[in-house]
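Biologist: Please take a close look at one part of this model, and follow it outward to whatever it touches. I would like one connected account rather than a list.

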Amino acid sequence: MAGHSKFKNIMHRKGAQDKKRAKIFSRLGKEITVSAKIGGSDPSSNIRLRSAISNAKILNMPKDNIGRAIKKGEGNDSDSNYEEIRYEGYGPAGVAIIVEAMTNNKNRTAAEIRSTFSKFGGSLGENGSVSHSFKRFGEISLDKKLAQENEIFEFALENESKDLEISEDAYLIYCDQDDLHALNEKIIKKFGETKLSQLIWKSENNIDVQKEAAEKLFKLLNTLEDNEDVQSVSSNFEVNDEILQTLTQ
């Protein structure tokens, strides 16, 4: 019986991974479709589309999916008339949350987002209610194997990057949001393929969250992340490692 339950766990994990991958591909596909709709379907003259395709390839999105997403952007199919919408609100412990969505049905998405906030002890606010305490940046991630620390530091200075963070396996380069795609291309030419380039919201004032509020907050953030229309979720919480371990076990 132990073997059977182990197999069930493996299948459950595989199912969860497949679901996660489908969600990632859905997000990437929408970004490609919207990029093609706004700037045309030729990646050589549409820098946002070129960047979206590059991200999709890095995350192993099949070529056919990429092609279909571009075609959607060229057509007039009402299902692919996505609008980019931002929602702002507060979660448990007063944590500020920004949700970015792409939807072909604003009423459905707004109702789902509002209900998720309510269910987990949060509340949806007006646009601008929390984003004033965040800054909008472009974020580019580069594998550490591709460059020395001093090379990246010099490159970041020369190109007027806003910030540079170094994690265990990657360099994170932050730039003005309007420079994201052009800077990403510069980095690829100089150092090699980047891991990801995206627009993010970064808060300067984080809120320290204790265990009880963190449990609710993580449920809220995960449910928002799982929503089919949601592209990204940003917030200003901080949780210490001890609490984090008890929540992720």
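Modeller: Two strands count as paired here if DSSP finds at least two bridges between them, and the strands themselves are DSSP runs of E of at least two residues, numbered from the N terminus. The model is predicted, and the part I have chosen is strand β6, which covers residues 170-176.

Six of the seven residues of β6 are buried, so the strand is largely enclosed by the rest of the structure; the cut-off behind that word is a relative accessible area under 20%. Some of what surrounds β6 can be named from its pairing. Strand β4, residues 134-143, runs antiparallel to β6 and is joined to it by seven bridges; within this pairing D143 stands opposite A170. Strand β5, residues 163-166, is likewise antiparallel to β6, with four bridges between the two, and here L164 has I173 as its bridge partner. With three residues between them, β5 and β6 make a hairpin.

A contact of another kind involves the side chain of Y174, a residue that falls within the span of β6: K202 lies over the face of this ring, at 4.1 Å from the ring centre. K202 falls within strand β7, residues 196-203, and that leads to the largest pocket, whose volume is about 1,400 Å³. Of the 39 residues lining this pocket, Q198, L199, I200, Q231 and S232 are the closest to its centre. Strand β7 gives the most to the lining, with eight residues, while the lining as a whole divides by class into 14 nonpolar, 12 polar and 13 charged residues.

S232, one of the residues closest to the centre of that pocket, belongs to strand β9, where it stands opposite E100. Strand β9 takes in residues 230-235 and includes S235, which counts as partly exposed because its relative accessibility is 22%. In space S235 and S203 are 7.5 Å apart from C-alpha to C-alpha, although 32 residues separate them in sequence.

The partner of S232 turns attention to β2, which is antiparallel to β9 and joined to it by five bridges. Eight of the eight residues of β2 are buried, so this strand, too, is largely enclosed by the rest of the structure. In a regular strand the side chains alternate between the two faces of the sheet. In β2 both faces are covered, with A96, I98, E100 and M102 buried on one side and I97, V99, A101 and T103 buried on the other.

Apart from β9, strand β2 also pairs with β1, in the antiparallel sense and over eight bridges, one bridge pair being E83 and T103. A hairpin is formed by β1 and β2 with five residues between them, and A93 is found in the loop of this hairpin, between 83-90 and 96-103. Most residues other than glycine have a negative phi. A93, although not a glycine, has a positive phi of about 65 degrees, and at 47% relative accessibility A93 counts as partly exposed.

The loop that precedes the β5 and β6 hairpin invites a comparable look. E160 is found there, between α5 and β5, and has a positive phi of about 55 degrees despite not being a glycine; at 67% relative accessibility E160 counts as exposed.

Helix α5 also supplies one half of an aromatic contact. The search of the whole structure finds three aromatic pairs, and one of them, F155 with F191, is edge-to-face, with 5.4 Å from centre to centre and 80 degrees between the planes. This pair links distant parts of the chain, since F155 sits in α5, residues 149-158, and F191 in α6, residues 180-191, with the two positions 36 residues apart in sequence. Both rings belong to buried residues: F155 has a relative accessibility of 5%, and F191 has a relative accessible area of 10%.

To return to the starting point, β6 is a largely enclosed strand that pairs with β4 and with β5, and Y174 has K202 over the face of its ring.

Conventions
Residues numbered from 1 in each chain as written. Predicted model: local features only at pLDDT ≥ 70, side-chain atom pairs only at ≥ 80, totals over all residues. Heavy atoms only, no water. Buried < 20%, exposed > 50% of the residue type's maximum accessible area, 1.4 Å probe, protein only. 1 Å grid on protein atoms, 1.4 Å probe; cavity = no way out; pocket = protein on both sides within 12 Å on 5 of 7 lines; lining within 4 Å. Points joined across faces, edges and corners; volume = space filled by probe spheres on them. Nonpolar A, V, L, I, M, F, W, Y, C, P; charged D, E, K, R; others polar. Phe/Tyr/Trp six-rings, centres within 6.5 Å; stacked < 30°, edge-to-face > 60°. Lys NZ or Arg CZ within 6 Å of the ring centre and 35° of its normal.
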